[in-house]
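Q: Please take a close look at a single buried position and then follow its surroundings outward through the fold. A connected account for a reader new to this structure would be welcome.

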Amino acid sequence: TRIVGKALMICAKKNMLLEISFLLLLALVWEVSPLVLGVYVPLFLLQWGAYITSFQAFLILLVPVSYILVVALSVVSYRNNVPKLFKAACAFPLGSHIFSKVLIPAFVPHKSFLRLHFEEWTTKEVRATMQQRFWLHNPFQSVDLGALISAGEVVGFGVCLTQVYLDKMRAIPTGVTAVFHVKARGKLTIVSTRPEASFPVGINSHSAKIFDAKGTLCAEITTNFMVSKINK
């Protein structure tokens, strides 16, 4: 963030408007995909050294963005079956990053601030990782309980949804309870395994566990949800 900010100041002094727009794009998609960063940084250096024009750099930059769009359009038909969506996305290079940073935020934009990276999403288990970031901090320099609850709800409720849809039912979260064991710091792993049986009509609950990089259990987040029949 500091590097981008200093680069913006330099570009502003030199009146490099196109480069400023590139840097703003970089800031906006900072974690959308390593494709954007991996292509943009060398392009910026080449353009800075006058080896290529700004317009050529812009055209090349469209390649990774177009690739992300192609992957998203290729798998979006599985949007009602997230395990199939995840499997289809992972068939592409860097597909798990596109799934985590583009597709899931598109479906649940209110959870995008968590920057979850999904390593597994099947009908039986969902596993995701989350980095400790400054906007998730509490005054004690650990991940705030609100972020932990949100991450646990995404994973714990998410692993249940596919089975609910396969049973031609619907589910709506009705409450969340949490138990905190130790401060959550560093890289966190959120895991939830679904029970074999289908969920009956009525109130159900399911939990997700959050571990730190050492494998220490930091928190357990339980999501309560109402399962009901779909009225046709």
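A: In this predicted model, Thr 162 has a relative accessible area of 4%. Because residues under 20% count as buried, Thr 162 belongs to the buried class. The residue lies in helix α7. Leaving aside residues up to four places away in sequence, Thr 162 touches Asn 81, Val 82, Pro 83 and Thr 123.

The helix that carries Thr 162 spans residues 145–166 and packs on a sheet, where α7 touches β1, β2, β3, β4 (188–193), β5 (202–211) and β6 (217–229). The direction of α7 makes about 145° with that of β3. The sheet itself is open and consists of six strands in the order β1-β2-β4-β5-β6-β3, with antiparallel pairing. Its edges are formed by β1 (117–121) and β3 (169–180); each has a single partner strand, so one side of each is left without a neighbour in the sheet. On average, and with direction ignored, neighbouring strands are turned by 20° against each other.

At the β1 edge, the partner is β2 (residues 125–130), and the two strands pair in the antiparallel sense over four bridges. One residue to note here is Trp 121, whose bridge partner in β2 is Val 126.

Trp 121 also appears in the largest nonpolar core, which has 41 residues. Those with the most contacts inside this core are Phe 99, Leu 116, Phe 118, Trp 121, Met 130, Val 143 and Ile 190. Helix α7 gives the most to the core, with nine residues. In soluble globular proteins, nonpolar side chains tend to be buried together. Leu 116 illustrates the contacts in detail: residues up to four places away in sequence not counted, Leu 116 touches Ser 100, Lys 101, Thr 129, Met 130, Ala 151, Val 154 and Ile 190.

Val 82, one of the residues touched by Thr 162, leads to a pair of helices. Val 82 is among the residues of α5 that meet α6. Helix α5 covers residues 82–90 and helix α6 residues 95–107; they pack at an angle of about 140°, with their axes 8 Å apart. The two helices are therefore oblique to each other, and their crossing is right-handed. On the α5 side of this contact stand Val 82, Leu 85, Phe 86, Ala 89 and Cys 90, while α6 contributes Gly 95, Ser 96, Phe 99, Leu 103 and Phe 107. Phe 99 thus returns the account to the nonpolar core, where it is listed with the residues having the most contacts.

Conventions: Residues are numbered from 1 along each chain as its sequence is written. This is a predicted model: local features need pLDDT of at least 70, side-chain atom pairs count only at pLDDT 80 or more; totals for chains, interfaces and linings use all residues. Side-chain values use heavy atoms; hydrogens and water are left out. Two strands pair if DSSP finds at least two bridges between them. Axes are lines fitted to C-alpha atoms, for helices over the stretch in contact, and angles run from 0 to 180 degrees between N-to-C directions. Contact means heavy atoms within 4.5 Å. A nonpolar core is a set of buried Ala, Val, Leu, Ile, Met, Phe, Trp, Tyr and Cys residues joined through side-chain atoms within 4.5 Å. Buried means under 20% relative accessible area, exposed over 50%, partly exposed in between (1.4 Å probe, protein chains only). Angles under 35 degrees count as roughly parallel, over 145 as roughly antiparallel, 65 to 115 as roughly perpendicular and the rest as oblique. A crossing is left-handed if the near helix is turned anticlockwise from the far one by less than a right angle, and right-handed if clockwise.
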